[in-house]
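Visitor: I'm new to this one, and I'd like a close look at a single part: the cross-links between side chains. Could you walk me through them slowly?

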Amino acid sequence: MRLSRCAMQQWLALVAACACGTLYGQTQKASINGTVTDASRAVVPGARVVVTPGNIVATTNQSGEFSVTGLAAGTYAVSVTSTGFAPLTESVTLTAGQATTLSAMLQVGSANEQVIVTAQAGPEQTMTQAVNEEITSANILNVMPETEILSLPNANVADAAGRLPNVTVQRDEGEAVYVQVRGLDPRLTNTTIDGVTIPSPETSVRQVLLATIPADMVSSIALNKTLSANQDADGIGGSLDLITKMAGEAPTFTGISTLGYSPIMNGRYMGLAGFTLGQRFGASKRFGAIASASYDYNGRGYNDIEPGPDLNPNNYTSSTPYFDDITLREYRTQRLRWGGTMGADYKFNDHNSLASHFILSDFKDWGDKWTYTINTLGKPGFKYSIRHPDFMIGSLSLDGNHTFTNKWITWGTAVSRARELDAGGNPGLDFTPTSALKSWASANCNFVGGLNGDPYRPQWSGPCMTPNTDQTLNIYNLANYAPNQYNTSTGSGSQLNLQEWGAMGFNYHLGGYSATLEFGGEFRNAHKGQNAYTPTYDYCPQYPSVQSTESGVPGEYPGDPGANCTTPSPGLTGEMFASGFADPKYYDGTYHMGQMTDHYKVDNYFATNPNVFPLDINATQSSSDSANFDLIERISAGYLMNTIQFSRLRLQTGLRMEWTHEYAAGFLVNASAGPNGDGIDNNGNWIGSSPTTNIQSYWDPLPSVQARFAITSSTAIRAVYARGISRPNQYDLVPYASPTGNTPVVADIGSPTELPTHANNYDLLVEHQLKPFGLIEVGYYYKQLTNPIVASNVPCTGSCTIFATEDGLTSGALATQNINGSSAYVSGFELSWQQRFSNLPGGFSRLGMMANYSYNASQINGLPDRDDSPALVGTARNAYNIEPGYELNRFSVNMGITYNGPNIYAYQYYSTDSGLAECGNPNPNPTASAPLNGPINGPCGDNYFYPHTQIDAQMSGRLWRGLRLQVDGLDLNNEVFGFYNGSPQYMTQREYYKPTYSASLRWTSGAER
C-alpha cells in the first residue's frame, strides 16, 4: 500500500486539527511546574511525581523538572518519591488559568537506605537515578550512568554499551565497534544522540560505528528495548540514545590524564587526556553551559593467523581439520580519537526553556598490515597495506519546551553529519614470489596438522614454517618477492541528516482517572554518498628480458605487464623496501613473522619512478565507479498517542505513520565493454561505466501498546506490543557490481529490489525494586520478522559474470548480496540485577553488584539454495556480564567479566541439491550423507564469531580532595578473537592483543567527602 506525500501531509493536518479542536475547550485550566532536588541542591532525575486527586503521574527529566497541565482549580496533594530518599508530600492550591511552581527537596531515607550526598553524583546517586528512570519510563529501558561508564576501561561507547543486559558486540582490533541488541544484526538497532538520529560514517552500512565516540564524552547511555509512537520506529532490536552532558546546579570541573602500555609487538603505548567544565550563571541560575573535550591515542597491535579450512581431499567425510593455506598477519595500529561536546540551556521562566546540544568526534583508525601466505602445494605470497580512514560524527540540535496551563508543546531542529576520509580502500602493494621460491614451495609445503595436537595452531612442513637455510628458498625473505600491484586511495564518503520535529499534548480526565493525549510529527532528510578514487597500478618488470612464460602465460613472473607495460623497467624486489621493524615473539613463537616493508619507502619510490607503475585503467575504474553513489532518503512521520493512568495500571496506546522515499544513483560497471573487451574505446577513454538509478517509496502504519501494572509499590509487570521497521543499507539499493579479487566469491552486488524488514515485537517483564536501593528484572521477548535482510552468497549472473571470466571461472562463481529471507523470529529470556548493599554490616555495606544474563534463540527461513533454517546473524545463545564493585573511604575496586557466546557472522553454506560449491575441495561424489560441501557443521559451514570472555578491572584511590589515582587493566586474560566455519576446530581467524595496563590521575571538583 502506498501513500503520496500530499496524502501524508493531509493526514498530519487532520490529526493536528482534531487535536487543536479538542484543546480549544480546555481553557481556564491550571498547571504545576516543579523541580526536585536533594539536600545538596543537586537535581534528582527520574523521580516519580503523583498528583491527587486524579492520580496523575509525571517523571522528572534530566534537569530534575516535571510538569502537570490541564488541572481544574482546587487543592491537590503532590507526592514525590525516589529510591534512596524519604517520600515527600506537599499541598498545592491552584487558581484557574494560572501556573504554580513547586520546589521539592528530598531528604535521605533511613540509615540503611541513605545515599551518600556529594556535590558531584557518586555511584549510589547515579545508580538511584538510573533505577528511577527505568521504573518510571513508559518503555522497557536500561540506563548506564556516567559513573558506571567510567568505572571500567571502556575505550568507546560501544565497549560501554556492551555491558548492558542482552547486548553483545562486534569487535575489531580489540575494541567494540557495533552493538547487537537481543541477538539481532547491528543494522536493526537505531542510534541517537540526545534523541536525534545520527548517520553512519561508513558508506556501505546503516549502523553507526560507535568506536568513533569516546566513552567519557556522554553523561549516560539509554537503551530503549521497546518502542512508543513518539519514537523513530527503526529500532527493531532497540534504540540506543547517547545523552550528552548538561550543566547541573553545582559548578562542574573534571580532568583526567592517562598513560598506558601493552607488551605486544615489543611494547605499544596509549594516552588519554580530557576535561569537563560547566556551571549555571545568574542570580536565578537560568542559564547553564558546559563543555567537555577528550583526546585518546591508542597504539595497539595484534598477532593474527587466518587458515583456510576445507574438506580433506583424502576423505571428504573426515572431521579431522584440514587446511589449504594459512596467512600470518601482523597488525600495527594507531588509533586516535578526539572530540568534544557543548551544551547550553536557558530557562526564560518556569514554563519556557531552550536547550542546545553539540557533539563532534573524530576517529583516525590508522594501521599497517603485513601478510605472509603459505599454500598447500602452492605458491607463497607477501603483501602489505596501510590504511588511513578518518571517521567523523557531528550533531547540533536546538529544542524548546513550553508549558501552558492546559497543554504543552515541544519542538526541535537538528543537523548531523558523518563522513569517512580515504573511504575507497586500503592502499598497499602486493608481491609475487620468484620462480625458484614458487617451484620449491609448490613441491614442499604440505599441511601436517596441529602443533602438538592443538587444532588451533595448524602447521605446514618445517622449512615452510621457519626461514629456510637456503636464502633463495626462504619464504620470509623479501629478496624473493617482486612487486605486482600498487594501490592508493583518495576521496570520501559522507551523510548529512536534517531533522525537524514537533509535538503537542494535554492532560485530561477519563472518569476519575488522569490521561494524556499527545500528537506530533517529524521529518528527516538524509543525503548519503561516496566519491572516492582507488587507483591500481601494475608493476612492470624488466621487459621482456626477465619475463617468465610459466604455464604459457607471459608475464606471470614477477608481475603481469599487461597492455600498459611498454617500456623496460628495473627489476625490483621487496628487499629495497624493507624496514627495521621485527616481531621476534610473534604468536608466542608458534609462527615466524618475516621481514616487513616500510610503506613510506614504497611511496617515495612510486613518486620518483611513475613509469615503473603505469595505471591499470580497467581495474581502477571497475573498483572506483562501482563504489561511488548518491542517495537521498526522506522519512515523514506523524503519530497520535494516548496514556491513561488508572489506580495501578498505566496504559499507553499509539499509532505512528511513516512514509519513506528513496532515490539512489550509482554506476553499473561492464569491464569488458568496448571494441577490445577491456572497457576502453579506441581513443583510450573508459566507457565501461553506465549511470543507473533506483527509486522506492512506501508507507507504514506502526501501532504500539504498552501497559505497566503495579502489583505492589515495589513490584510491577509490563506487557508491550510494538511494530517496528528496519530499512536496507542505503548502498544496497544501488545496482552496483564490485569485484572482490577472490574466488569463488568474485563480486559484491547491489540489491535494488530489497525490501525493508518489519517486526511485530512482544515483551513481558517483571521488575522489582530492592532495598536499600536496586532493581531486579526478569523478562521474555519475541520478535516476529518479515523480509529479514541477510548477506548471502548467490550464483554469479549478469554483470557479475564479467568478474568471473576475468578470474578464469567458467562455472561455480558466486557473488555476495544482501537479500530478503521470507520470515524469521528471535525470542529470549533476560535477567538483570543491580544493587548497592548499604544495609549490610561494617565494610560489606560498600559492596555493589551489576549483573545480567540473556538467553536467545532465533531462526530464519527462505535463504537461497538452502533447505535448512539457521539462526539469525548475530544471535548469541548465551551472554552475560558480571560487575562487582567495592568502595570504602578513599578506595574503590571494580571488575567486569563479559561473555558473548558464539554467533553467526555470515551465511555461506549450501545444501546438497543446490549444486553450488563454496569449498575449494568440494566432494566429487556428493550423497545425502556426504554432501557436496560437507556437513553444515563442517569446514564449509557458516562463518561464526568465536565465544568471547573478557576480564577488565579498575582500582582507584583518593590522594587529596578530588584528586584520585586510577589503575586500569584491559583484557587481563588475553582473550582470543576470531572466526570459524561450522565448528570451532575449523578456524578461519584467531588473533591476540595482550592486556593493556594504564594509570590515570583524575580530578573531580567537589568530590571530597
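Guide: Here is a walk through the disulfides, then the salt bridges, with a short stop at the core and some strands. Keep in mind that this is a predicted model.

Let's begin with the cysteines. A disulfide is a covalent bond between the sulfur atoms of two cysteines. The structure holds three disulfides. Take the pair Cys445 and Cys464, whose sulfurs sit 2.1 Å from each other. Cys445 is in the loop between helix 5 (435-444) and strand 25 (447-451), while Cys464 belongs to helix 6 (residues 462-465), so this link connects distant parts of the chain, 19 residues apart. The link is left-handed, with -105° about the S-S bond. Both Cys445 and Cys464 are buried.

These two cysteines also turn up around Ile475. Setting aside neighbours within four places in sequence, Ile475 touches Cys445 and Cys464, along with Tyr372, Pro380, Leu437, Trp440 and Tyr481. Ile475 has another role to notice: with Tyr384 and Phe613, Ile475 is listed among the residues with the most contacts inside the largest nonpolar core, a set of 56 residues. Strand 19 (residues 323-347) gives this core its largest share, four residues.

Back to the disulfides. Cys796 and Cys800 are joined with an S to S distance of 2.0 Å. This link is left-handed too, at -115° about the S-S bond. Why does Cys796 count as buried? The cut-off for buried is under 20% relative accessible area, and Cys796 comes in at 11%. Cys800, at 1%, counts as buried because of that cut-off as well.

The remaining pair to visit is Cys919 and Cys940, with 1.4 Å from S to S. Cys919 and Cys940 both lie in the loop between strand 45 (903-906) and strand 46 (943-945), so their link ties together parts that are 21 residues apart in sequence. Cys919 is buried, and Cys940 is buried as well.

Now for the salt bridges. The whole structure has 36 of them, and a few are worth following one at a time.

Start with Lys245 and Glu146, whose closest N and O atoms are 3.5 Å apart. Lys245 is in the loop between strand 14 (238-243) and strand 15 (252-262), and Glu146 is in helix 3 (residues 146-149); the pair links distant parts of the chain, 99 residues apart. Here the two partners differ in how covered they are: Lys245 is buried, with a relative accessible area of 8%, whereas Glu146 is partly exposed at 26%.

Next come Arg524 and Asp232, with 3.3 Å between their closest N and O atoms. Arg524 is part of strand 29 (residues 513-533), and Asp232 sits in the loop between strand 13 (220-224) and strand 14, which puts the partners 292 residues apart. Arg524 has 6% relative accessibility and so counts as buried. Asp232 is buried as well, with a relative accessible area of 9%.

The loop between strand 13 and strand 14 supplies another partner, Asp234. The side chain of Asp234 meets that of Arg727 in a salt bridge, 3.4 Å from N to O. Arg727 lies in the loop between strand 34 (715-726) and strand 35 (737-739), so this pair ties together parts that are 493 residues apart in sequence. Arg727 is buried, with a relative accessible area of 1%, and Asp234 counts as buried at 11%.

Not every salt bridge stands as a single pair. One network of salt bridges links Asp172, Glu173, Glu175, Asp296, Arg300, Arg335, Arg337, Asp365 and Arg387.

Before we finish, a quick stop at some strands. Strand 5 (residues 74-81) pairs with strand 2 (residues 48-52) in the antiparallel sense, over five bridges. Within that pairing, Val51 has Val78 of strand 5 as its bridge partner. Strand 5 also pairs with strand 6 (residues 88-94), again in the antiparallel sense, and here there are seven bridges. For Tyr76, the bridge partner in strand 6 is Val92.

Methods
Residues are numbered from 1 along each chain as its sequence is written. This is a predicted model: local features need pLDDT of at least 70, side-chain atom pairs count only at pLDDT 80 or more; totals for chains, interfaces and linings use all residues. Side-chain values use heavy atoms; hydrogens and water are left out. A disulfide is a pair of cysteine sulfur atoms within 2.5 Å. Helices (H or I, at least four residues) and strands (E, at least two) are DSSP runs, numbered from the N terminus. Buried means under 20% relative accessible area, exposed over 50%, partly exposed in between (1.4 Å probe, protein chains only). A salt bridge is a side-chain nitrogen of Lys or Arg within 4 Å of a carboxyl oxygen of Asp or Glu. Two strands pair if DSSP finds at least two bridges between them. A nonpolar core is a set of buried Ala, Val, Leu, Ile, Met, Phe, Trp, Tyr and Cys residues joined through side-chain atoms within 4.5 Å. Contact means heavy atoms within 4.5 Å.
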